[in-house]
Amino acid sequence: MRRALTIASSFLCLTAFLWCGDGAVFLRASANSARASIVTTIVLTVDSPVMLVDGVRTALEVPPVIRNGRTLVPVRRVAEALAATVTYVPSLRQVSIVRADLSLSLAIGVPTAVMNGRSVSIDPADTRVVPMLSAGRTMVPLRFLAESLGSTVSYEPRSRTITIVWRHTDGGS
């Protein structure tokens with residue numbers, strides 16, 4: 001654990017960095033407020049049925065795949081790791097993702113999504129990039145999902161590893 005102590009103005013401010021697996025929790029407290037900032041880290045590898053969430057192995061029913069040059073992931077596992085609620089409506093072939101002030105709906109085979117009531121392109125550069133079904137699981141474009149949920153995404157092409165980082169407060173926003 002690494003700690004830094006800062007004295008600012010006439011009050012004490014303490015910042016502590018707690019490392020938990022591959023994730024970190026940043027705690028900041030002062031005389032006026034206390035707020036926790038949390039970092040959730042998800043690591044996936046293309047064609048691997050395992051993802052790491054803050055260093056903890058989690059099984060995937062279907063591994064990430066690359067289609068039309070984009071990585072698709074099982075929506076439920078990734079979205080729930082980012083504190084979202086996922087609902088699938090089979091009759092509409094539609095998945096809904098909700099978290100705090102975000103509502104996102106995607107339909108199988110459709111290149112647009114509805115985000116907070118507005119239609120948005122899933123991948124403006126390629127309309128072939130659409131949600132799909134694989135082994136009974138809904139697969140969605142990883143970057144679109146993660147960035148819509150406020151995360152950053154990086155890709156390491158040699159190992160085909162994707163890292164998602166979500167910085168949020170303890171309230172999940």
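The following paragraphs describe the two largest pockets of this predicted model and the elements that line them.

Rolling a probe the size of a water molecule over the atoms reveals where empty space remains. In the largest pocket, this space amounts to about 300 Å³. Its lining comprises 16 residues. Those nearest the centre of the largest pocket are Gly 69, Arg 70, Thr 71, Leu 142 and Arg 143.

Three secondary-structure elements each provide at least two residues of this lining: strand E8 (70–74), helix H2 (142–148) and strand E16 (152–156). Helix H2 makes the largest contribution, with four residues. In terms of residue class, the lining of the largest pocket consists of nine nonpolar, three polar and four charged residues.

The second largest pocket has a volume of about 210 Å³. Among the residues that line it are the charged residues Glu 61, Arg 76, Arg 77, Glu 80 and Arg 137. The nonpolar residues Pro 74, Val 75, Val 86, Tyr 88 and Val 95 also belong to this lining, as do Gly 136 and Thr 138, which count as polar. The division by class is accordingly five nonpolar, two polar and five charged residues.

Helix H1 (75–81), strand E9 (85–89) and strand E15 (137–141) each supply at least two residues of the lining of the second largest pocket. Of the contributing elements, H1 gives the most, with four residues. A helix is thus the leading contributor to each lining: H2 for the largest pocket and H1 for the second largest.

Conventions: Residues numbered from 1 in each chain as written. Predicted model: local features only at pLDDT ≥ 70, side-chain atom pairs only at ≥ 80, totals over all residues. Heavy atoms only, no water. 1 Å grid on protein atoms, 1.4 Å probe; cavity = no way out; pocket = protein on both sides within 12 Å on 5 of 7 lines; lining within 4 Å. Points joined across faces, edges and corners; volume = space filled by probe spheres on them.
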